[in-house]
Amino acid sequence: MRILVVEDEVDLARTLHTGLTAEGYSVDLAHDGRQGLWMARTGAYAAVVLDLMLPGLNGYKVCAQLRRESNATPILVLTAKNGEWDQTEALDTGADDYLAKPFSYLVFVARLRALVRRAAAVAPPVLAVGDLSLDVAARVCRRAGARVDLTPREFAVLELLARRAGQAVSKADLLYHAWPDDALDPNLVEARVSVLRKKVDAPFHRQSLQTVRGIGYRLVDDRERG
């Protein structure tokens, strides 16, 4: 089970990494908000531990963006602020729980376990566009029942298109969703979509990944054309 810790205090991040690893979790670390957002989008995490006061992009904005994208990964917020307004804002933004620093490590682990348990009791989201399905939790793609192997980047691109099925999605949106923030070249998107077509369309004689001239791409159910 993999946990993402987004924390700019390096010593605290390392301590949490060591402790959670000893608990049996696999742990990824990010030290700023932009990196954390990108990793949360492209990885399959059981939970995200998110500091609020982060460089680059604060924890409120990271949390809000993930929820706007229908990312339901449980989020445990860590904050040096102990005011009720800050706690309320974190929860209203989409966090599932919070802990004020300094905190008891035992309480931290117990709350994290509770979040993971509650999330596991809910069926993982599956996005379906025609006979193309994406199991977001397991990061598995299938078409007509057959599994299609995708890289994490390919999955991230297809996931955003599936979440906005039938709508035109700009290359800029796809770059923002599936690449780190320093990626600006739209050719990256074009190349990835070309590979996706070879994997999810061509073998099944489909044309579900459509180009929207001057904008980007859309994903449609084209079974009546198959």
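## Confidence

The protein chain averages a pLDDT of 89, and 94% of the residues score at least 70. This is a predicted model. Among the elements of the protein chain, strand β9 (residues 146–148) has the highest mean pLDDT, at 97. Helix α4 (residues 84–93) has the lowest, at 82. Where pLDDT is low, the predicted coordinates should not be read in detail.

## Overall build

The protein chain holds 8 helices and 12 strands. Its C-alpha trace spans about 60 × 35 × 30 Å along the principal axes.

The radius of gyration of the protein chain is 19 Å. A compact globule of 226 residues would have a value near 17 Å, so the two agree.

## The three-stranded sheet

One open sheet has 3 strands, in the order β10-β12-β11. Its pairing is antiparallel. The edge strands are β10 (169–170) and β11 (209–212), and each pairs on one side only. Strands of a sheet pair through backbone hydrogen bonds, either parallel or antiparallel.

Strand β12 covers residues 216–219. The antiparallel pairing of β11 with β12 runs over 4 bridges. Within this part of the sheet, Q210 stands opposite R218 in β12.

## Helix α8: sheet and helix partners

Helix α8 (residues 186–201) lies across β11 and β12. Relative to β11, α8 runs at about 150°.

Helix α8 also meets helix α6 (residues 152–163). Their axes come within 10 Å and cross at roughly 90°. Angles of 65 to 115 degrees count as roughly perpendicular, so α6 is roughly perpendicular to α8. On the α6 side, the contact is made by R153, E154, V157 and L158. Helix α8 contributes R192, V193, V195, L196, K199 and V200. By class, the contact has 6 nonpolar and 4 charged residues, with no polar ones.

## Helices α2 and α7

A second crossing involves helix α2 (residues 33–42) and helix α7 (residues 171–178). The two axes come within 8 Å. They cross at roughly 95°, which means that α2 is roughly perpendicular to α7.

From α2, the contact takes in L37, W38, R41 and T42. From α7 come Y176, H177 and A178. The residues of this contact divide into 4 nonpolar, 2 polar and 1 charged.

Methods:
Residues are numbered from 1 along each chain as its sequence is written. This is a predicted model: local features need pLDDT of at least 70, side-chain atom pairs count only at pLDDT 80 or more; totals for chains, interfaces and linings use all residues. Side-chain values use heavy atoms; hydrogens and water are left out. Two strands pair if DSSP finds at least two bridges between them. Helices (H or I, at least four residues) and strands (E, at least two) are DSSP runs, numbered from the N terminus. Contact means heavy atoms within 4.5 Å. Axes are lines fitted to C-alpha atoms, for helices over the stretch in contact, and angles run from 0 to 180 degrees between N-to-C directions. pLDDT is the predictor's confidence in each residue, from 0 to 100. Angles under 35 degrees count as roughly parallel, over 145 as roughly antiparallel, 65 to 115 as roughly perpendicular and the rest as oblique. Ala, Val, Leu, Ile, Met, Phe, Trp, Tyr, Cys and Pro count as nonpolar, Asp, Glu, Lys and Arg as charged, and the others, Gly among them, as polar. The radius of gyration is taken over C-alpha atoms; the globule rule is 2.2 Å times the number of residues to the power 0.38.
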